[in-house]
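Trainee: Could you take me through one part of this structure slowly? I'd like a close look at the salt bridges, and at how open to the outside their residues are.

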Amino acid sequence: MFPMKRPKVINTILIAVIVVAAVVVALVFIKPGKSSSSASTTTRTSQVTTTNVTSTISATGTVAAAKTASLSFASDGEVKSVAVTAGDTVTAGQTLATITSDDAKEAVEDAKDTVKSARSTLAEAKDSLTSAKQSKTSADSSVSAAKLNVKSAEAQLTKAKKAATSGTTAAEYIAAGGTGTGSTGTGSGGQGTAGSGTANTGANTGTSGGTNTGTGTTPSSGTGSSGSSSTSSSSSTNSSTSGTMTVTAAQAAVKQAESSLSSAQAQQTNASSSVTSAQAKVTDAQDALTEAEDDLETAREAAANLTITAPFDGTITAVDVSEGDEVTGSDATTVTSSSTSSAASSSTSSSGFGGGSASTGSTGSGSGSSGSSAATTAIEMASMGTLTVSGSFAEADAASLKKGQNATVTFPALSNATGSGTVTWISPVGSSSGSVVTYTALVTLENPPSSLRIGQSADIEVVTAEADNVLALPSNAVTILSDTEGTVQKVDGSVTAGSTPKTTTTTVQIGVQGDSMVQIKSGLSSGDTVLVSEDTSTGTTTTTTNNRSGLGSGSGFGGAGFGGEMPGGGFNRGGM
């Protein structure tokens, strides 16, 4: 009967299910060659190779021109014409703008009057000098004549003393060959020496143009008239009482001659002082005339060239005036060198280029103060021939900066555009922002991209150290002990999968510590293998070692039933 067969069918189905379950369990747990669980360990290694090692520091900056100028007119006035617009390319000496100025014309007339007055003053000073020199010459002659008179009077005193001692009268002395002496003639134009006569007649010519004559009427007496000069003359008679010249008279003659000499010497001193004073006045007058003539030339140039011209080849970056504008002039030029700091500038007083003044500066050097704060800046320009990038470097990096270091510059606004340059200036003073200190450095670009524009941003990378064709390892393979020494984990033998490599701690001498590599000077040879930290893969080889033990996580029987994915634990299939 059919109802009696149902239990047998059910049993058959149960047996089939059990068999299938058994097969599945066998596949999961008893599959040959597979462990019940697995875990892997990654070992990274690197070999010593020959390469270039480079150390760099970086900063961001802005492109600017190495030379700029803010131009003003030299005089006040009204803008007559403007010949350029922003973006124009100009050459040195090209006229950029002009003005008209009544002040400039008045300045020329004032300068002319000053020159005329200075010339008149100089002429008067020269006349005074000529007169003083003539007086000095006359005084010199008077002194010379007075000295001769003193000498002559002293000689007569000597003769009188000899006559008095011997008891011989002057007449007898003269008869015996002596001479009688007339007194000295004196004048402001010169002095004549005393005439003397023998027993009968005698004559003598004064040294300053005077003529002295003396005659003796008897053998015992003589008279002489004084010499005359160009301005005055005097005469005197010297006779002996009873034919005798007394010592007293001779002594009086000496005193008179000495007094005349002192007076002449005083006049000579005064004349010398007058010459010195007159010469100084001539010098001062000549200097004043030279200065006045220079001022006149400057005024004429300003009046004839009321223009601003380009001081160098470049590009107009701004035009700040229009025709009809009233402008204030400037007589000073502010110059800042591209090799100086951002705060440094020098200001010198001078006329501007072609009648205008300029404030010139460089990228990174800031703007200098104008010689006249009220001056109107008319035109601004820059030299595009040399461009620079000014970047702010971190305090730690700035210690590695040096003038002359090479730099690579990229420009975010320009695709695939790069430039090279050289560090040309480093600020000696840092700037602080909170607790962060930075130092500014200037990089002068070489052959910048033609599409580069002033004001664009730039990324700077400066090479602070480099070594070419040297042995090197990745930075994370070397434990740094000092600037010259480090250690590595040198692999003994080869590295194979499934095994843990044997290593030896080895000391190495290092050189340049680059951005990703370290120069190895000694301690290792080319081809040697070392372990590398797991946080780098640069120049490394990865080897995986499998270690199997116990039960691991994986897929198996789970909440989804047979064949469902297990989110967490479960039976590990051993890599099946």
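Mentor: Let's start with E293: this is a predicted model, and in it E293 has a relative accessible area of 33%, so it counts as partly exposed. Its partner is R119, and the closest N and O atoms of this salt bridge are 3.5 Å apart. R119 is partly exposed too, with a relative accessible area of 49%. Buried would mean under 20% and exposed over 50%, so R119 at 49% still falls in the class in between.

Now look at where the two sit. R119 belongs to helix α2, while E293 belongs to helix α4 (residues 247–304). They are 174 residues apart, so this pair links distant parts of the chain. Why can such a pair form at all? Side chains of opposite charge can pair when their charged atoms come close.

Next, stay in helix α2, which covers residues 102–166. Here K112 forms a salt bridge with E109, and their closest N and O atoms are 3.9 Å apart. The cut-off is 4 Å, so a pair at 3.9 Å still makes the list. What separates these two along the helix? They are three residues apart, which means about one helical turn lies between them. K112 is partly exposed at 35% relative accessibility, and E109 is partly exposed at 43%.

Further along helix α2 you'll find D140 and K136, whose side chains meet in a salt bridge with an N to O distance of 3.0 Å. These two are four residues apart, so again about one helical turn separates them. D140 has 26% relative accessibility, which makes it partly exposed. K136, at 23%, is partly exposed as well; the buried class only begins under 20%.

How many salt bridges are there in total? The count comes to four, and the pairs we've been through are among them.

To place this in the wider picture, the protein chain has five helices and 30 strands. Buried residues make up 35% of its 576 residues. The R119 and E293 pair, with its 174 residues of separation, also has company when you look at contacts in general: among contacts with a separation of 6 or more, 73% are between residues 24 or more positions apart.

Terms used:
Residues are numbered from 1 along each chain as its sequence is written. This is a predicted model: local features need pLDDT of at least 70, side-chain atom pairs count only at pLDDT 80 or more; totals for chains, interfaces and linings use all residues. Side-chain values use heavy atoms; hydrogens and water are left out. Buried means under 20% relative accessible area, exposed over 50%, partly exposed in between (1.4 Å probe, protein chains only). Contact means heavy atoms within 4.5 Å.
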